[in-house]
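Work through the exercises below with the sequence and the 3D structure at hand. Try each task before reading its solution.

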Amino acid sequence: MGIGLDSCVMPTRHSGIYLIQTTDFFYPLVEDPYFQGKIACANVLSDLYAMGVEHCDNMLMLLGVSEVLTKRQREVITPLVIQGFNDLCEEAGTSCNGGQSVINPWFIIGGVASGVCSKNEFIMPNQAVPGDVLVLSKPLGTQIAVNAHQWLDEPTKWNGIKDLVTKEEVVSAYTAAMYSMARLNKTGAQLMHKHGSHGATDVTGFGIVGHLRNLVECQTAAVSFKLHTLPIFDHMDIIATRAAQNGLNFKLREGFSAETSGGLVVILPKENVEQFCKEIEEIDGVPAWIIGEVMPGDHTVEITDDMKVIAVDNTSISS
């Protein structure tokens with residue numbers, strides 16, 4: 001299937017046993033080092049979960065500690081990042097058993113996630129058929145929330161949006177985004193098996209349309225994806241619109257705004273969607289949203305002209 005997969009799927013020399021593996025790393029995007037460690041761990045694991053892999057057998061940590069930090073800053077920040085990473089590994093039912101640490105010009109955190117699976121323990125993402133439904137398990141808009149929070153300390157940029165939102169609303173969205181990014185997609189992976197998923201992807205740096213393009217291009221059937229709904233953290237849509245008017249276009253409504261540790265987009269048979277959404281909210285305490293459908297087509301992704309934006313209550317994500 002090529003590079004469109006979220007993780008590599010490698011047959012081992014043992015009959016019927018596969019190694020599912022992924023790696024990712026990025027730069028800090030929140031102020032809390034502990035949460036940054038959790039977000040990095042969740043982000044790496046999401047690629048396994050997108051393949052329906054419920055259990056990660058091993059994690060490695062990739063850590064670049066910035067040479068710009070003072071010795072005291074390193075002593076405080078680095079252990080908190082490591083603790084956050086390890087704590088989320090434990091929550092996921094796995095452990096970090098190695099990795100690599102270096103001194104680097106920029107702070108970097110990431111890792112490698114590996115799962116050893118039989119064929120019925122992962123779901124190849126190429127099985128969509130017309131009539132299937134697309135479900136998203138986390139809101140969009142993390143990039144805008146993080147940027148808007150940074151703008152609170154940049155008067156020129158804050159002045160460009162302060163008539164749209166209060167400082168408290170920006171902090172609320174940032175907090176919701178931080179909690180969302182630190183939440184595992186493990187429940188989604190588990191329910192994919194229970195409800196007969198035909199594949200999935202996680203939403204990260206390419207934006208939701210970018211990742212869905214990769215997903216639709218690998219489908220065996222002649223299908224296209226049509227998106228009719230985008231759930232977005234409250235107030236982030238209007239901020240993105242104003243930013244575009246001021247020359248900074250996140251392309252949120254177009255589906256190309258980068259996300260970090262975003263949700264799974266799961267392809268499901270129509271008859272199973274309602275129960276999937278009900279169960280993921282019961283288990284994780286936050287909703288999932290029906291965002292589109294699978295149509296006969298030529299492997300394209302389209303956002304409908306009458307696309308609906310759902311303003312997601314930020315307090316419902318961070319509480």
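Helices (H or I, at least four residues) and strands (E, at least two) are DSSP runs, numbered from the N terminus. The expected span of a helix is 1.5 Å times one less than its number of residues. This is a predicted model, in which local features need pLDDT of at least 70 and side-chain atom pairs count only at pLDDT 80 or more, while totals for chains, interfaces and linings use all residues. Residues are numbered from 1 along each chain as its sequence is written, and side-chain values use heavy atoms, with hydrogens and water left out.

**Exercise 1. Helix α9**

Task: compare the span of helix α9 with the expected one, then state which of its residues are buried and what covers them.

Solution.
Step 1. Helix α9 covers residues 273–284, which makes twelve residues. From its first C-alpha to its last it reaches 16 Å, close to the 16 Å expected at 1.5 Å a residue.
Step 2. Buried means under 20% relative accessible area, exposed means over 50%, and partly exposed lies in between (1.4 Å probe, protein chains only). In α9 the buried residues are Val 273, Phe 276, Cys 277, Glu 279 and Ile 280.
Step 3. An α-helix has 3.6 residues a turn, so residues three or four places apart point the same way.
Step 4. The cover over the buried residues of α9 includes the strands β6 (133–136), β9 (264–268) and β10 (289–296), as well as helix α6 (186–194). Just after α9 comes Gly 285, with a positive phi of about 80°.

**Exercise 2. Helix α6**

Task: list the buried residues of α6 and name the elements that they pack against.

Solution.
Step 1. Lys 186, Thr 187, Gly 188, Ala 189, Leu 191 and Met 192 are the buried residues of α6.
Step 2. Contact means heavy atoms within 4.5 Å. The buried residues of α6 pack against α1 (33–49), β7 (199–202), β9 and α9.
Step 3. Gly 196 follows α6 and has a positive phi, near 65°.

**Exercise 3. Positive phi outside glycine**

Task: find where Ser 261 and His 299 lie, and decide whether each is buried, partly exposed or exposed.

Solution.
Step 1. Most residues other than glycine have a negative phi, and most peptide bonds are trans.
Step 2. Ser 261 has a positive phi near 50° and sits in the loop between α8 (236–245) and β9. Its relative accessibility is 1%, so Ser 261 counts as buried.
Step 3. His 299 has a positive phi near 65° and belongs to the loop between β10 and β11 (301–312). Its relative accessible area is 27%, so His 299 is partly exposed.

**Exercise 4. Neighbours in space**

Task: for Ala 148, Thr 94 and Ser 118, give the place, the burial and the contacts, leaving aside residues within four places in sequence.

Solution.
Step 1. Ala 148 is part of helix α3 (residues 142–151). Its relative accessible area is 0%, so Ala 148 is buried. The contacts of Ala 148 are Ile 161, Val 170 and Ile 239. Ser 316, 168 residues away in sequence, is 20 Å from Ala 148, C-alpha to C-alpha.
Step 2. Thr 94 is in the loop between α2 (71–91) and β4 (96–104) and, at 10% relative accessibility, counts as buried. Thr 94 is in contact with Cys 56, Asp 57, Asn 58, Met 59 and Cys 89. His 55 is 39 residues from Thr 94 along the chain, and their C-alpha atoms are separated by 7.4 Å.
Step 3. Ser 118 belongs to strand β5 (residues 108–118) and, at 22% relative accessibility, counts as partly exposed. Ser 118 touches Gly 16 and Tyr 18. Gly 16 is 102 residues from Ser 118 along the chain, with 5.8 Å between the C-alpha atoms.

**Exercise 5. The whole chain**

Task: check the radius of gyration of the protein chain against the value for a compact globule, and describe the chain as a whole.

Solution.
Step 1. The secondary structure of the protein chain comes to ten helices and eleven strands.
Step 2. The radius of gyration is taken over C-alpha atoms, and the globule rule is 2.2 Å times the number of residues to the power 0.38. For 319 residues a compact globule would have a radius near 20 Å, and the protein chain has 19 Å, which agrees.
Step 3. The C-alpha trace spans about 50 × 50 × 35 Å along its principal axes.
Step 4. Of the 319 residues in the protein chain, 52% are buried. Among contacts with a separation of 6 or more, 85% are between residues 24 or more positions apart.
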